[in-house]
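Got a few minutes to look around a protein model? Have the sequence and the 3D view open, and find each spot as you read.

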Amino acid sequence: GGKALWQLIKKEGKDPEVPVGPDEFLQDMRECAVRSLGVCANSDSVVEQLLKVGSIGRLHRLLLSKWPPLRLSAVRTLRNFTAYQAGALEAASAESIIGAIEKLLRMVEEDRLVSEVTASVANMCLYRDNIPNVVTPRVCRGLVAVLGKACNAARSYACNAARFVAQGKSSLHHGSLVETGVIPALCLLLDVQMETPGGCAECAAGAIARYVVAEEGYAARAVDAAALGKLIYLLRCGCVSAREQ
């Protein structure tokens, strides 16, 4: 079944501007197939089996589809695969996937799409060996841009990605994020959603903590007067996990 689904999403097709038929079930077959693959990818063992008969690289063209439903389904499937180690490792090694992610991160007006893409980046950066492939200059700029969005989910995922890069022990790559302006962007989020567990402030504080302890001496840039004031205020907020970070 997995092999058949991979074969279906390889099929060439002209992106429809509207569903193929008037019935909502008569959608583009590739969209149905890629959505099914995403639903199936719900455990390490299943993801490993699916990757034996197909490749995440096949999602490349679908990720950049001009048809929003197909593009969003492909992005969600990528996120589901990268939530597991095998999927995260394969996606990070696929140059075409990273290229697609670079372009998708620029679609900052599409909240759901960018949230799913940023979650995939965070999933991949959780594994240190992936960071050199994933954290390209364009991805750095994209993550910093997402941190300035109004979508809380996307910002939280971007904070997590920045944190995983900082704790990945690769000064080249978290240095690139710093030069791109990640620390000021994180500091601006320290007073957002203070009372909400898992909110932006908590995630931003956790990321900043990693840059503060980095050997490269980011502490001075990470904790300026404004950020220090926000951190002190955060210590008094009602969210226990945020205070902890």
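Here is a quick tour, topic by topic.

Keep in mind that this is a predicted model. We'll start with helix α8, which covers residues 111–125, then go through some salt bridges, a buried leucine called L59 and a nonpolar patch that includes L235.

**Helix α8, wrapped up by its neighbours**

- Helix α8 is 15 residues long, and from its first C-alpha to its last it reaches 21 Å.
- That is close to the 21 Å you'd expect at 1.5 Å a residue.
- Twelve of those 15 residues are buried, so α8 is largely enclosed by the rest of the structure.
- Among the buried ones you'll find L113, V114, V117, V121 and M124, but also E116, which is on the buried list too.
- So what covers them? The cover includes α5 (68–82), α6 (85–93) and α7 (95–104), along with α9 (131–134), α10 (137–147) and α11 (152–166).

**Salt bridges around α8**

- Side chains of opposite charge can pair when their charged atoms come close.
- In this model, the count comes to six salt bridges.
- D111 pairs with K149, and their closest N and O atoms are 2.7 Å apart.
- This pair links distant parts of the chain: D111 sits in helix α8, while K149 is in the loop between α10 and α11, 38 residues apart.
- D111 counts as partly exposed because its relative accessibility is 37%, whereas K149, at 7%, counts as buried.
- E110 and R71 also meet in a salt bridge, at 3.2 Å from N to O.
- Here again distant parts of the chain are linked, with E110 in the loop between α7 and α8, and R71 in helix α5, 39 residues apart.
- E110 has 26% relative accessibility, so it counts as partly exposed, and R71 has 7%, so it counts as buried.
- E116 belongs to a network of salt bridges that also includes R76 and R79.

**A salt bridge from α7 to α10**

- The side chains of E102 and R138 meet in a salt bridge with an N to O distance of 3.9 Å.
- E102 lies in helix α7 and R138 in helix α10, so this pair ties together parts that are 36 residues apart in sequence.
- Which side of the cut-off is each one on? Buried means under 20% relative accessible area, so E102 counts as buried at 12%, while R138 counts as partly exposed at 45%.

**L59, a buried loop residue**

- L59 lies in the loop between α3 (44–53) and α4 (60–63).
- Although L59 is in a loop, its relative accessible area is 0%, so it is buried.
- Leaving aside neighbours within four places in sequence, L59 is in contact with I9, V34, A74, T77, L78 and I97.
- Take I97 as an example: L59 and I97 are 38 residues apart in sequence, yet their C-alpha atoms are 7.5 Å apart in space.

**A nonpolar patch on the surface**

- L228, I232 and L235 make a nonpolar surface patch of about 270 Å².
- You can find L235 in the loop between α16 (225–234) and α17 (240–244).
- Is L235 buried or exposed? L235 counts as exposed, because its relative accessibility is 54%.

Terms used
Residues numbered from 1 in each chain as written. Predicted model: local features only at pLDDT ≥ 70, side-chain atom pairs only at ≥ 80, totals over all residues. Heavy atoms only, no water. Helix = DSSP H or I, 4+ residues; strand = E, 2+ residues; numbered from the N terminus. Expected span 1.5 Å × (residues − 1). Buried < 20%, exposed > 50% of the residue type's maximum accessible area, 1.4 Å probe, protein only. Contact = heavy atoms within 4.5 Å. Patch = residues over 30% accessible without salt bridge, like charges linked within 9 Å, V, L, I, M, F, W, Y side chains within 5 Å. Areas by Shrake-Rupley, 256 points an atom, 1.4 Å probe, with all protein chains shown as cover. Salt bridge = Lys/Arg side-chain N within 4 Å of Asp/Glu carboxyl O.
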